[in-house]
Amino acid sequence: EMLGPLVDRNPDYAPAWALLALAHHRTGLRPEPGEWLLKAEAAAERAIQLDPNLPDGYSSLGATLVSRGRLLRGDEVLAKARALDPFHPDVLNFSAHLLGVVGRVEEALVLREQLARMEPLVPAYSPRINMLRWINGQTDAAVAALRARGNAPDALADLAQIYSTAGRYRD
């Protein structure tokens, strides 16, 4: 782990703490999160303490809170991050995820589409955008976008779900 020694050498550098929090958060998403999400939360809180105007700390904290099931608090923290930087890709990504989880599909889709325009080459920022389109009633657009992706396994899986739900088993 490269970030641990970095924060040890620069304990007052908020961006390093925010990045460490994000790394712990992503490690904690594995099947056995153990203490990783708690470490992520502590590192994000340290980043916020060091620089309360840095959206990265709030972004990492919000994502971690959502992963721990603390959805309302996560939403509050992500709202603070959006207020600091309404165009920060990670903030938009985590906010879209939360909105999708709680069924606010139209709002999630707006953020996912904004991210797709801002960062078209970052696949991590557009997970399941076509499923959001489908759920939002934009089936033709979702199918067209998924078919354009060819034989990508995730696209094929999403197409299979859309087609099977519509009873289009041959497709």
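What percentage of the 171 residues of the chain count as buried? Let's begin there and then work through the helices together.

**Before you start**

This is a predicted model, in which local features need pLDDT of at least 70 and side-chain atom pairs count only at pLDDT 80 or more, while totals for chains, interfaces and linings use all residues. Residues are numbered from 1 along each chain as its sequence is written, and side-chain values use heavy atoms, with hydrogens and water left out.

**Exercise 1. Describe the chain as a whole.**

Solution.
- Step 1: Take the opening question. Buried means under 20% relative accessible area, exposed over 50%, and partly exposed in between (1.4 Å probe, protein chains only). By that rule, 41% of the 171 residues count as buried.
- Step 2: Count the elements. Helices (H or I, at least four residues) and strands (E, at least two) are DSSP runs, numbered from the N terminus. The chain has ten helices and zero strands.
- Step 3: Find the outline. Along the principal axes, the C-alpha atoms fill a box of roughly 60 × 30 × 30 Å.
- Step 4: Look at the contacts, where contact means heavy atoms within 4.5 Å. Among those between residues at least 6 apart in sequence, 45% join residues at least 24 apart.

**Exercise 2. Find the largest nonpolar core and say which helices supply it.**

Solution.
- Step 1: Apply the rule. A nonpolar core is a set of buried Ala, Val, Leu, Ile, Met, Phe, Trp, Tyr and Cys residues joined through side-chain atoms within 4.5 Å.
- Step 2: List the best-connected members. The largest core has 19 residues, of which Val7, Trp17, Leu20, Ala43, Tyr58, Leu61 and Val77 touch the most other members.
- Step 3: Assign helices. At least two residues of this core come from each of α1 (3–9), α2 (14–27), α3 (36–50), α4 (55–67) and α5 (71–84). The largest share, six residues, is supplied by α2.
- Step 4: Check for a further core. Another one, of eleven residues, lies apart from it, with Leu92, Ala96, Val105 and Ala108 among them.
- Step 5: Zoom in on one member. Leaving out residues up to four places away in sequence, Tyr58 touches Ile48, Pro52, Val77, Leu78, Lys80, Ala81 and Leu84.

As background, nonpolar side chains tend to be buried together in soluble globular proteins.

**Exercise 3. Compare the surroundings of α2 and α6.**

Solution.
- Step 1: Check the length of α2. The expected span of a helix is 1.5 Å times one less than its number of residues. With 14 residues, α2 reaches 20 Å from its first C-alpha to its last, close to the 20 Å expected.
- Step 2: List its buried residues. In α2 these are Ala14, Ala16, Trp17, Ala18, Leu20, Ala21, Leu22, His24 and His25, and they pack against α1, α3, α4 and α6.
- Step 3: Turn to α6 (residues 89–101). Its 13 residues reach 18 Å, close to the 18 Å expected.
- Step 4: Judge how enclosed α6 is. Ten of its 13 residues are buried, so α6 is largely enclosed by the rest of the structure.
- Step 5: Name the neighbours. The buried residues of α6 pack against α2, α4, α5 and α7 (105–118).
- Step 6: See what follows. After α6 comes Gly103, with a positive phi near 85 degrees.

**Exercise 4. Work out which side of α10 (153–165) is buried.**

Solution.
- Step 1: Identify the buried residues of α10, which are Ala155, Asp158, Leu159, Ile162 and Tyr163.
- Step 2: Test their placement. They cover an arc (that of the directions from the helix axis to the C-beta atoms) of only 130 degrees around the axis, which puts them on the same side of α10.
- Step 3: Find their partners. These buried residues pack against α8 (129–135) and α9 (139–148).
- Step 4: Inspect the face turned away from the buried side, which carries the exposed residues Pro153 and Thr165.

**Exercise 5. Is each of Thr64 and Arg170 buried or exposed?**

Solution.
- Step 1: Locate Thr64 in helix α4. Thr64 counts as buried because its relative accessibility is 0%.
- Step 2: List its contacts. Not counting residues up to four places away in sequence, Thr64 touches His25, Leu37, Ala40 and Glu41.
- Step 3: Locate Arg170 in the segment after α10. Arg170 counts as exposed because its relative accessibility is 87%.
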